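Trainee: Before I use these labels at the bench, can we go through what stands behind them?
Mentor: Sure, bring up the structure and ask away.
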Amino acid sequence: MGRLIVVANQKGGVGKTTTAVNLAIGLGQRESKVLLVDLDPQGNASSGIIADTRLAELKSSGKTIYEALVGRIPIGDAIRSARERVFLAPSGPDLVGAEIELATRKGRDQVLKQILAPVRDDYDFVIVDTPPSLGLLTLNALVAADSVIVPMQCEYYALEGLSALLETIKRIRASLNSKLQIDGLVLTMFDARNRLSHEIAREVEKHFPEKVFQSVIPRNVRLSESPSHGLSVLEYDPKSAGAEAYRNLAAELLARLDGS
Ligand code: ATP
Ligand code: MG
């Protein structure tokens, strides 16, 4: 059965989307069939994997994750091929209103789980990119998920807010999704020359021994350039330090899952 992994951290700009996109492509390059679900109204995962020319048509098509969430279309109609083994359910312009629209529904936190059920097993991995909040969209993702990956930016206050996310995960485990696991924490934007980066890395490892991925993502300009080309860094500059780090992360994740 396909594993549904949610990339979440309610702090903004910590590398969620960068991790979701590069992990999706990284797993695809290792022969996995992957569905990337862009559950963020900002739509950065969609624009980070599909070039501008095709993206506009796709977003205005009326066939996005939004229409699937509100029950207007089956999820299959929203899924497009992005690469040979990587598929995308894009964010759409109306997704920003979805939290309000879903709020009054019965079973409002189970909607994503239900709509994904018929297609989930068509993939080895479903990777969900979430917005920087613990709102209804992120909640839907966590209820549907097998596991969570939490990117942590190596900056001051990296741990701030993490307790809210962990508390949410604990609550969901106790009620709506008892099988929810934490695959691990990924240190992002690590700068080896910056003492603070090392301090944060040590701090995170101290708090979460065995949960921190060995593959640390360095601060790397190629990672910030690649989305504007609609490419992962693995395609944009496969020899870059950023590409190497995300290839390692994909391999480490596969190894962890093999061992578990
Ligand atoms: P949001 O909360 O807004 O969804 P996010 O957590 O998804 O943000 P990203 O969009 O992945 O964060 O990253 C924030 C910015 O930092 C982006 O411009 C991205 O290109 C850049 N970035 C992410 N990771 C790195 C890195 N390792 N090195 C350099 N730039 C990076
Ligand atoms: Mg994002």
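Mentor: Keep in mind that this is a predicted model. Let's start with the strand you pointed at.

Trainee: What makes Val 37 and Ala 89 partners across strands?
Mentor: Val 37 stands opposite Ala 89 in β4. Their strands, β2 (residues 34–38) and β4, run parallel and are joined by 4 bridges. Pairing takes at least two bridges, so with 4 bridges β2 and β4 count as paired.

Trainee: How do you know that β3 and β4 pair?
Mentor: Strand β3 (residues 80–81) shares 2 bridges with β4, in the antiparallel sense. The cut-off is at least two, so 2 bridges are enough. Arg 80 stands opposite Leu 88 in β4, and a hairpin of 4 residues links β3 to β4.

Trainee: Why are both faces of β4 called covered?
Mentor: In a regular strand, side chains alternate between the two faces of the sheet. In β4 (residues 86–89), Val 86 and Leu 88 lie on one side, with Phe 87 and Ala 89 on the other. These four residues are all buried, and buried means under 20% relative accessible area.

Trainee: What makes β3 and β7 edge strands?
Mentor: Look at the strand order first: the open sheet has 7 strands, arranged β3-β4-β2-β5-β1-β6-β7, and the pairing is mixed. β3 and β7 each pair on one side only, and they are the edge strands.

Trainee: Which strand does β2 join over 5 bridges?
Mentor: That's β5 (residues 125–129), which runs parallel to β2. Leu 35 stands opposite Val 126 in β5.

Trainee: What do helices α8 and α9 touch on the sheet?
Mentor: Helix α8 (residues 136–144) packs on the sheet and touches β1 (3–7), β5 and β6 (147–153). Its direction makes about 150 degrees with that of β1. Helix α9 (residues 162–174) also packs on the sheet, touching β6 and β7, and its direction makes about 165 degrees with that of β7.

Trainee: Why is Asp 183 called buried?
Mentor: Its relative accessible area is 7%, and buried means under 20%, so Asp 183 qualifies. Asp 183 is in strand β7 (residues 181–188). Leaving aside neighbours within four places in sequence, its contacts include Ile 5, Val 148, Phe 213 and Leu 257.

Trainee: How do you know that Asp 183 makes a polar contact with Arg 3?
Mentor: Their side chains come to 3.0 Å. The limit for the N or O pair is 3.5 Å, so that distance passes.

Trainee: And Ala 103, why is that one called partly exposed?
Mentor: Ala 103 has 32% relative accessibility; that falls between the 20% limit for buried and the 50% limit for exposed, so it is partly exposed. You'll find Ala 103 in helix α6 (residues 98–103). Not counting residues up to four places away in sequence, Ala 103 touches Arg 108 and Leu 136.

Trainee: Last one: which residues come nearest to ligand 1?
Mentor: Of the 18 residues around ligand 1, those are Lys 16, Thr 17, Thr 18, Pro 218 and Asn 220. Oxygen atoms of ligand 1 also have polar partners: a backbone N or O atom of Val 14 lies at 3.0 Å, a polar backbone atom of Gly 15 at 3.0 Å, and a side-chain N or O atom of Gln 42 at 3.2 Å. The protein covers 81% of the 630 Å² of accessible area that ligand 1 has on its own.

Methods: Residues numbered from 1 in each chain as written. Chains lettered and ligands numbered in written order. Predicted model: local features only at pLDDT ≥ 70, side-chain atom pairs only at ≥ 80, totals over all residues. Heavy atoms only, no water. Buried < 20%, exposed > 50% of the residue type's maximum accessible area, 1.4 Å probe, protein only. Polar contact = N/O pair within 3.5 Å; in protein donor to acceptor, adjacent residues only side chain to side chain. Contact = heavy atoms within 4.5 Å. Near = heavy atom within 4 Å. Areas by Shrake-Rupley, 256 points an atom, 1.4 Å probe, with all protein chains shown as cover. Axes fitted to C-alpha atoms, helices over the stretch in contact; angles between N-to-C directions.
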